[in-house]
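Visitor: Hi, I'm new to this one. Can you put it up and walk me through it?
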Amino acid sequence: MTLTATSFDWVRQLVHRESAIVLQPGKEYLVEARLLPMAQQRGLSGVSELVESVRNRPDAATTRRIVEALTTNETSWFRDGDPFTALTGMVLPSLLGGRRPDEPITIWSAACSSGQEAYTIAMLLSDALPDAARRVSITATDLSREMVERTRAGRFSQLEVNRGLPASMLVRHFTRAGNEWEISPTLRRMVTATECNLAAPLPRMGPFDIVYLRNVLIYFDLATKQGILRRVRQLMRPDGWLFLGAAETTLGVDDNWERVVLGRGSAYRPRKGN
Amino acid sequence: MRALVIDDSRAMRRIVGSILEDFGYETRQAGDGRQALDVLEEGYLPDLACVDWNMPVMDGLQFVSAVRSNPAYRSVTLMMVTTESETSQIVRALAAGAHEYMIKPFTADAMRDKLALLGLLPQEVSL
Amino acid sequence: MSEHASSLVQQPITDVLDATTVQRIADDVWTALVGDGEVLVPLPVPAPEQTVSAWVQITGPWCGAVVVTCDQPTGVALTECLLRARPPAVIEPEDVDDALGELANVLGGNVKSLLPEPSSLGLPQTGPTPPASRPEDLCRVDAQWRGQSLTITVQGATGAPHAERNEVPQ
C-alpha cells in the first residue's frame, strides 16, 4: 500500500465535505483501489502522489473526479416505478390526445446520472408508440461531464443492468459488448445527452412535454429550488408534466404548479394563467 | 412471504437466503433441482423460488420447466439467479418459464429492485 | 464466429481476454459478493508458500479453467465475508471449499460470456492449483486482498488440442 495517512485524511475530508459520505478509517484500500487508475492515467506512481499533486495545484475538475470515483453507486432502472407506470398509463395517452399524430414528444431527464432514467423512458415509449424512434426525443442532462459521456455511450456494467431492469427488456434492448451491455442503436438515437447545471441559467432547449427532475431539489436550499422550478417551467409546454422524486414537492416552494395524483404517485403541471 | 433458495453452493444459499430474510421472507433451501421439487411435493409452496442454473442431479433450467408444467405450482414465481450471462441463455430461461433473471454477482439492492419489479417486495421495507 | 472457432485449433485465451478485463470482472464480484467496499487491489505481493485453489472448467471452442488461488487463512477470511450475514460458529474446510468454489464459479461464468458460444461451465472444484498449459494460453491477475496475495488465472487446459499441434496465433 502506498497511501499515506495524510493523503487518506485529505481524501476523507474532501469526500465528506462534497458528498456528506463518511469514509471510515480502515477504508484506505478502497481509496487506493478507486483512485489508482486515475493516478496511473496521469503517469503518477500512486494515490498519494495524486493527492499531493491536487493539494499543490488545486483543480476543481480533478477534485470532482476524486469525489465521484469514491461515491458513485449504480442507479436503478425503474427507480421508484410509479413515475414510469404513470408515463405510459396516463401521461402519454393524455398528451397524444392533444397532439397531431406527427407532432414530436419531447422529454427531459434532468440530472440523468449514467442514463438509466433516460433509457428506461426510451424503452417504455418504444414499446408504447410504434413510431417512437421518429417521434420521441429525450434530452438527458447532468452536471458531470463523465456522466454525460456515460449516458451517450449507453454502456452498462453487469452490476448496473441487475438494478431493476426486467430481464425481458435486457435481452430485447441490449447486446453484450465485452463484459458490458450496450443499449440498442435505435434507443440510443432517441437520447441526446449534454452537460447542464440546473442551478445556473439553462441552455436553450425544449419546450418539453414531460420533465423528470427527480431527487435533485433535495440537495438545494429554498431559493435555489425556486430558481430551478422557475427555469424548468419556462422550458415546459403549458400542458406538460413534471415528475419529482418521491420525497420532493413544489408545495411551499413554488405556487405555479398544480399537483395531480397519478395512481400511487403524483406529478405536477404548470398552473394556468401564470 | 415464503421463498425457496436453490443452489448447490451453501455459501450462495446463505447469501441469497439472508438477503431475502432481511426483506421479511421466510426461507427454505435446496441443493439442486430434484431436492427443490421434493420440497414442493411435500406441500411447501413458496411465493418465490430463486434458482441457480448449474447444479448437479437436476439443473435450474430443468427445474423451471418442471415447475411450469405442473399447474399446482402456478403461484410460484421463478427467478433464475445464476452466473450464466449470455443473452442466449437468458432467453432460454425465460422461454422455459422463468419470470425474472438475476446475474451473479449481484447486490442486496439489486435483489430488492427485482422483488419490486415482481411485486414481491413486502410493503414495510419498500425503501 | 463460434462455428469457425470450434473447427479450428484452440486460440490462446489472450486473443479474447486481457488481464484488465479479468480485473474488471473481479472488481464487480468483490463489491457484490465479498462485500461493499471490499476490493481486489491489482498490485502483486509475494505469493505464499502454501496455497489453496478453486476453479471451474470451461468447455467449448476454448477449453480451460478459471482458477482462484490464495493461502488458507485468506480463504477463511473470504469465506467469512461471503457468509457475513449468517456465519457459522466455526468455519469448516468444506465451507472454505464451497465459498472459494462459488467465487470461481461467478468469475468463470462472467469470463465464459466473453468467449465464443457455445461454451459451458463445469461445477466448481477445489484442491492444489491445477497446472496451466502453454504460457501464451494464460491470462493472469496477481492481486492482493486485505494485503494478502490472491491470484486469478484463466488458463488453457493441459490436454487441449493446441498443446502439441499449433503455436501459430489465429
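Guide: Sure, let's start in chain C: α2(C) and α4(C) make a right-handed crossing. Keep in mind that this is a predicted model.

Visitor: Okay, at what angle do the axes of those two helices in chain C cross, and within what distance do they come?
Guide: Helix α2 (residues 19-34) and helix α4 (residues 93-112) of chain C cross at roughly 140 degrees, with their axes coming within 10 Å. That angle makes α2(C) oblique to α4(C), because only angles over 145 degrees count as roughly antiparallel.

Visitor: Which residues meet there?
Guide: From α2(C) you have C:Ile25, C:Ala26, C:Val29, C:Trp30, C:Leu33 and C:Val34. They meet C:Leu103, C:Val106, C:Leu107, C:Asn110 and C:Val111 in α4(C).

Visitor: And the rest of chain C, how many helices and strands are there?
Guide: Chain C has five helices and six strands. Going along the sequence, the pattern is α-α-β-β-α-α-β-β-β-β-α.

Visitor: How much of chain C is buried?
Guide: Of its 170 residues, 52% are buried. As for contacts in chain C with a separation of 6 or more, 73% of them come from residues 24 or more positions apart.

Visitor: Let's switch to chain B. How do α2(B) and α3(B) sit, parallel or antiparallel?
Guide: Helix α2 (residues 33-41) and helix α3 (residues 60-68) of chain B cross at roughly 25 degrees, and their axes come within 9 Å. The two helices are therefore roughly parallel to each other. On the α2(B) side the contact uses B:Gly33, B:Ala36, B:Leu37 and B:Leu40, and on the α3(B) side B:Phe63, B:Ala66 and B:Val67.

Visitor: Left-handed or right-handed, that crossing of α2(B) and α3(B)?
Guide: Right-handed.

Visitor: Now chain A. What domains does it have?
Guide: The domain assignment gives domain 1 (5-71) and domain 2 (82-270). Their centres, taken over C-alpha atoms, are 32 Å apart.

Visitor: I'm looking at helix α12 of chain A. What span should it have?
Guide: At 1.5 Å a residue, the 13 residues of α12(A), 222-234, should span 18 Å. The end C-alpha atoms are 19 Å apart, so that agrees.

Visitor: Which residues of α12(A) are buried?
Guide: A:Gly227, A:Ile228, A:Leu229, A:Arg231, A:Val232 and A:Arg233.

Visitor: What do the buried ones pack against?
Guide: Strands of chain A: β1 (105-110), β7 (208-213), β8 (236-244), β9 (257-262) and β10 (265-270).

Terms used: Residues numbered from 1 in each chain as written. Chains lettered and ligands numbered in written order. Predicted model: local features only at pLDDT ≥ 70, side-chain atom pairs only at ≥ 80, totals over all residues. Heavy atoms only, no water. Helix = DSSP H or I, 4+ residues; strand = E, 2+ residues; numbered from the N terminus. Expected span 1.5 Å × (residues − 1). Buried < 20%, exposed > 50% of the residue type's maximum accessible area, 1.4 Å probe, protein only. Contact = heavy atoms within 4.5 Å. Domains from an automatic or database assignment. Axes fitted to C-alpha atoms, helices over the stretch in contact; angles between N-to-C directions. Parallel < 35°, antiparallel > 145°, perpendicular 65-115°, else oblique. Left-handed = near helix turned anticlockwise from the far one by under 90°.
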